[in-house]
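Trainee: Could you take me closely through one part of this model, the hairpin and the nonpolar surroundings that go with it? I would like the cut-offs stated as you go.

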Amino acid sequence: MNHPRPKARLSRALGIPLTRKCVRYFERRPYPPGVHGRNRRKTSDYQVRLLEKQRLRHQYNVSEAQLRRTFDEAARGVGKTGESLVALLERRLDAVVLRAGLARSIYQARQLVGHGHFSVDGRKVDRPSYRLRPGQVVAVRERSRALPPFQLAAAGAHADDRPRPYLSVELTGLRVTLLREPARHEVPVICDEQLVVEFYSR
């Protein structure tokens, strides 16, 4: 899913850096873009909830329709809707590829999956929205392992400082296994999911 706005500008509008490259731009100008970015008035309750929903959506690089469908599914399930929503998003194939350190950003993860470089349990999957189940194994396909992005990943260039406890990652083997459902406190997403629930429940 492509966004016409530059990532640094979008990061400033959302109040969070969306990629590692955006961090330095965001730290230099930690206020919304535009001539009135520093002098905006107090936001309304609706704007606060809308911002949280947009933050969640852009951190997973999903469309509004995809996020709405995932919310409806989370609302039908058991447990807290907000936590279920994040867990469902975190089980997407592109999100697992990112958390495992096989891509440098969610945008690259989506592109690599879409180009057919990954398999799930030995079968090629090219849908970034594919939802993994506990026990499934994601691996880079044999024909793609020599490509520069995966050579960098195997060397640990994109590895997170804190490995996710719900993933078993073998970077040298370019494979990752989803061990279990991710818990909300284990997911490195900057968002108050309760505000997202309130936005969709209004």
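Mentor: V169 has V176 as its bridge partner in β5. The two strands concerned, β4 (residues 167-170) and β5 (residues 175-178), pair in the antiparallel sense over four bridges, where pairing requires that DSSP finds at least two bridges between two strands, and where strands are DSSP runs of E with at least two residues and helices are runs of H or I with at least four, numbered from the N terminus. Four residues lie between the strands of this hairpin, and L174 takes a positive phi near 55° there.

Before going further, note that this is a predicted model, in which local features need pLDDT of at least 70 and side-chain atom pairs count only at pLDDT 80 or more, while totals for chains, interfaces and linings use all residues. Residues are numbered from 1 along each chain as its sequence is written, and side-chain values use heavy atoms, with hydrogens and water left out.

L174 and V176 are both in contact with L102, as are V97, L112, F118, F150, A153, H158 and L171, once the neighbours of L102 within four places in sequence are left aside; contact here means heavy atoms within 4.5 Å. L102 also appears, with L56, Y60, L93, V97 and F118, among the residues that touch the most other members of the largest nonpolar core, which has 49 residues. Such a core is a set of buried Ala, Val, Leu, Ile, Met, Phe, Trp, Tyr and Cys residues joined through side-chain atoms within 4.5 Å, and buried means under 20% relative accessible area, with exposed over 50% and partly exposed in between, for a 1.4 Å probe and protein chains only. In soluble globular proteins, nonpolar side chains tend to be buried together.

Two of the contacts of L102, F118 and F150, lead on to the aromatic pairs, of which there are four when rings of Phe, Tyr and Trp (its six-membered ring) are paired if their centres lie within 6.5 Å, planes under 30 degrees apart counting as stacked, over 60 as edge-to-face and the rest as tilted. F118 and F150 form an edge-to-face pair, at 5.7 Å centre to centre with 85° between the planes. Because F118 lies in strand β1 (residues 118-120) and F150 in helix α8 (residues 148-154), this pair ties together parts that are 32 residues apart in sequence. F118 and F150 are both buried.
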